[in-house]
Structure formats: structure tokens, C-alpha cells
Amino acid sequence: MAEVITMPRLSDTMSEGKVAKWHKNVGDSVKEGDILAEIETDKAVQDFESEYDGTLLYIGVEENSAAPVDSVLAIIGKEGEDISALIGGATSEKSNEKENTETSSEVSEEKSVQTTEVPAGVEVINMPRLSDTMTEGKVAKWHKNVGDKVKEGDIIAEIETDKAVQDFESEFDGTLLYRSVEENEGAPVDTVLAIIGPEGTDVSGIISGGSAPKMNAEKPKETSENKSVESKVVAAEQTSHQNSTDRIAISPLAKKMAEDKGIDIHSIKGSGDNGRIVKADIENYKPTAVMASETKQVASETKQSVVAMPTNFVAGETTETPNSQVRNIIAKRLSESKFTAPHYYLMVEINMDKAIEARKEINALPDTKVSFNDMVIKATAMALRKHPQVNSTWKADKIIHHGDINVGVAVAIPDGLVVPVLKNTDFMNYTQISAAVKDMAGRAKSKGLKANEMEGSTFSVSNLGMFGIETFTSIINQPNSAILSVGAIVEKPIVKNGQIVVGNTMKLSLACDHRVVDGATGAQFLQTLRTYLESPLSLLL
């Protein structure tokens, strides 16, 4: 009787195997102990021996192809034996299983349509996906209660993602009929968050459905497209004028279109209700000399959000603080980075005497205030130009070399850490870097950053020098391949021209992912960075 050989599990973490080479062809005689094939696992390439005598009647996986563990790899039996039932049976079984699954799925979907049909005038709001890594959102605060009237553009709630807290604006007029999540509770993306419709409408059928309801098939395609737009959330401007109510009224769709086209919404006069900017205003926008001359004013105050803080210490009393979304994602990402990226560390000590002199001269200019951190960020960006391998990302079977240099700056917030990103840092000057860091750091601490301001970094910088920490190492902020840790500037005796003099030094530590950045590459990067910091004028070359 023919024996079916399945893809073996050759390691605890193996989920599929790849046939690197077959040592037997169909029709060849096989003896117990003969090597049938070489199988590549997630850890090594291993020889696969036969446990049976007979003839190789069937090969289920070709060379350089992969198959899941326990799937059919080969069949061994007597020469000329009919194995069509074994091959066809497996296929038929899979086909039947697929058909059954599809049938049950269709039945389930039909039931879902019947039980969750949306009444006329009712709009279902789903938990939106506000970042690429977001899987669930947490309602930090509701601005509307069940029974309250809602107008298009009203802020319904504040939603906490894995990166920021963003305002959730309504795209509809009506009454808030249902809220599925209480404050400080989370819900998966695309599940029902709220329902808006005519006052008194029965929505119990939708609520019992528990997830995004299916719309009637008769509804035109435009409706489904509008629904996806309507369920989106656009972060309200956190940097407002001194009066906190001075917020530009703009629909989320219009705001998205303005961002895509690079239009300053402050230069647009809205045609909607109460001057609200709508889609037509963006489509018909024509810049004028007056509009071009207007500049956007950024206030120093940002919207304050409530942050859960640990209670004061009380002897003998043990308390608990629920983890925020930010804290949970920090734990997840840093664990993944530490346990998947092979870290190694390089350290160097920099003489900061000339940098101190340069900073004094720069800050002597009117309306200019540059920090040492700004100087480090600029020098880092310029060093990345000369060492593009450090500005790269590991991706399974390839390394991505980024065409932009976007430096992420680690900022401590009350419930964790965020990394706002300076896009195209190498093209920014000291004052631009200083203004951007101050602005984003201030908004980060009040959870006023938008999700897209914390995405796209290619390298990160973490500075604990202001706390007097002389040296430390950081965990790489993936998908970056390196992170620079900046210590405090310390005044101490140094040897200069054979003499012991008082100098100012600063220690830098570079954590590298060894899959992308080799030791020599990391060392050369630090040498270039040292040159830029010890001789600031070299940045002009």
C-alpha cells in the first residue's frame, strides 16, 4: 500500500518548508534511509530521509517551492500502483471543505444582511483605522451623549490610537442613538462605534449584529464609497490660536484633499454653513497673491488631554493603573525589536568645545535659540547622507535603502514615549529643526500630534543629557536599523596637545541592527558624526 509523506516539522517555529533539492525523481527506487530531498526550514537546510522501501510515485512540491507543514510532500509505493485516490482525495477533500466554508459564509452573510439592515436615515459609524499599525481604538472622551443632537462637523469623541489622541468628527446630521464603547474602553477597528439617525429610530437590530452592518444590494456604489469616507477621522488642528474655540471649520474629506494638494486651509474661505470649508472649495481653489502672503500662526498652547497618572505613594497600599494604548504598543514594539533585531552597541566620546562656541555665536543672532540637541540632529542627518546603509530598513528577503532622511526624535510623555518625525531633516537648518522639535515635543506631551507626524522615520535620536545621564543605550525604533543615544555634556580634564586642560565632552552610543549595519559601517558613521560635532564648520563642506 502506498505511503503518503507529509512536510515534516523540523523545528518548533517552523510553519512551512521549502524543498531546496530533490535527490529522487518520480519512478526512482527508494530504500529506507535514502535521502529523498533537502528541506530548508526557518533555521537551516536539512536532509530528509525515507522511512519506507518502494518507488517514488508522486512529488507534491517542486524544487525551490514551499509548502505548509503536514501538507503532502511525496508518495511512495509499489511501481505502477494507482495513487489517484490519494492525490484526488486530498484535492477533493480540500475542495469540499472550501465549498462548505463558502456556503456557510454565504448563509451567514445573508442572515447578517437580514438582521442588520439599516433603517432609512440611520448612519453607522465604525471605529476607524487611524494608522497603519492600529488594530483597536480607545475612546478617551465622549463629547456627545445618547440623545444629543449632532451636526456635521461636530466632534463626537476623542479616540486614542497607538500613536496619538485624535478628534472624531461627525459627517452626518441627526441624533446620537447608540454608543458601543464607554470612555477609557477600546474596540477593534471596523466594529460599530456609534449610530446616528432620526430621533426615536429603533436600531436594536444593528446593535445585535455587533459589527459593521451590510448595506442593501440595491444601494448604488457611490453609497459604499461615501460610507468609507464618512467613517474616516481627521485630526482636528491641535495648534490653535490663543482662543481655544478659534478652530477652522472644514469637512474631513476637504481637509484630506487640501493635504494631498498642499493647500493651506487658512487661505480658503469656506462656502458651507458658518463658513465651513467643503469639497467644492478645495476643487475650485485658486491661489492669489494675497493668499500666498498670508502665513499660518502657530500658538504655543495646545489642547490638553487627560492622562492617567499613577497615584501618589501610600505605605502599605498597592494600586493598579490600567495600561493606555500608548503603553501597550510601546511594550509590544520594543519587545519585538529587542527579540528580533540583533542589537550591538558602539560608543564614542566627543569634544564639544567648538560646538559650544558655535552655539554661542548662533544664539547671539536675533530671535535665535538653538540647543545642543538641534546641533546633534543636524549633524546626524548630514552623516546619514555619507552612510546610507545606516539609513536603511531590513525587510525579510531584502534591505530597503531610503531615499529620504527622516530623523525621529524620542519625546517622553506622561504615559510613555513617542517619536515625532522631522521629514527631510538633512535639508533643514538649525532654526527650522529647533522650531519643529519644540512644536512637536510640546504637542506630544498633550497628545496633540497627528498620526502622520509619527510615521516614516528612517533613523532615531534619544537624548537624556538634560537629566544628567552621561551614557546609555537605547532599543532600536523599528523599522529603523539604528538609534543614537545622546548623553550630557560634562566638564572634565582632557589631554590636548600633550597638556591636561579642562574640556567639555559628550558621549554618544549607537545601537545597530546587525542584519543591516555591520560594525565597521556603524563605526565609520560615528567617525563622520564626530567630525561634524567637533568641527561644526565642516557641515558647510
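Two strands are taken to pair if DSSP finds at least two bridges between them, and strands themselves (E, at least two residues), like helices (H or I, at least four), are DSSP runs numbered from the N terminus. The structure discussed here is a predicted model, in which local features need pLDDT of at least 70 and side-chain atom pairs count only at pLDDT 80 or more, while totals for chains, interfaces and linings use all residues. Residues are numbered from 1 along each chain as its sequence is written, and side-chain values use heavy atoms, with hydrogens and water left out.

The protein has eleven helices and 26 strands. Of its 541 residues, 42% count as buried, where buried means under 20% relative accessible area, exposed over 50% and partly exposed in between (1.4 Å probe, protein chains only). Contact means heavy atoms within 4.5 Å; among contacts between residues at least 6 apart in sequence, 63% join residues at least 24 apart.

We can start with the sheets. One open sheet holds four strands in the order S9-S16-S14-S11, with antiparallel pairing. Strand S9 (123–126) and strand S11 (149–150) stand at its edges, each with a single partner strand, so one side of each has no neighbour in the sheet. S11 runs antiparallel to strand S14 (residues 174–179), and two bridges join them; here Lys149 stands opposite Thr175 in S14.

Another open sheet of four strands follows the order S13-S12-S10-S15, and its pairing is antiparallel. Its edges are strand S13 (165–169) and strand S15 (186–188), each with a single partner strand, so one side of each is left without a neighbour in the sheet. Neighbouring strands in this sheet are turned against each other by 40° on average, direction ignored; axes are lines fitted to C-alpha atoms, for helices over the stretch in contact, and angles run from 0 to 180 degrees between N-to-C directions.

Strand S12 (residues 155–160) pairs with S13 in the antiparallel sense over five bridges. In this pairing, Ala157 has Phe168 of S13 as its bridge partner, and Glu160 stands opposite Val165 in S13. Strand S10 (residues 136–142) is joined to S12 by four bridges, again running antiparallel, and Lys138 stands opposite Glu160 in S12. Six of the six residues of S12 are buried, so this strand is largely enclosed by the rest of the structure.

Attention now turns to the cores. A nonpolar core is a set of buried Ala, Val, Leu, Ile, Met, Phe, Trp, Tyr and Cys residues joined through side-chain atoms within 4.5 Å. The largest has 54 residues, of which Leu422, Phe459, Leu484, Leu508, Phe525, Leu529 and Leu533 touch the most other members. Helix H9 (residues 372–386) gives the most to this core, with eight residues. Apart from it lies another core, of 19 residues, including Ile125, Leu130, Met134 and Trp142.

H9 also packs against helix H10 (residues 430–445), at an angle of about 115° and with their axes 9 Å apart. At this packing, Asp374, Met375, Ile377 and Lys378 in H9 meet Tyr430, Ile433, Ser434 and Val437 in H10.

Helix H8 (353–363) is linked to H9 by a loop in which Thr368 lies. The buried residues of H8 are Asp353, Ala355, Ile356, Ala358 and Ile362. Their cover includes strand S17 (343–351), H9, H10, S25, strand S26 (499–513) and helix H11 (519–534). In the loop, Thr368 is buried, with a relative accessible area of 17%. A polar atom of the Thr368 side chain lies 3.0 Å from the backbone oxygen of Pro366. Leaving aside neighbours within four places in sequence, Thr368 is in contact with Ile362, Asn363 and Thr431.

Ser485, in strand S25 (residues 482–496), is also buried, with a relative accessible area of 2%. Its side chain is joined to that of Ser474 by a polar contact of 2.6 Å, a polar contact being a pair of N or O atoms within 3.5 Å; within protein, one must be able to donate a hydrogen and the other to accept it, and residues adjacent in sequence count only if both atoms are side-chain atoms. Beyond neighbours within four places in sequence, Ser485 is in contact with Ser462, Phe472, Thr473, Ser474, Lys507, Leu508 and Ser509. The C-alpha atoms of Ser485 and Met347 are separated by 9.3 Å, although these residues are 138 residues apart along the chain.
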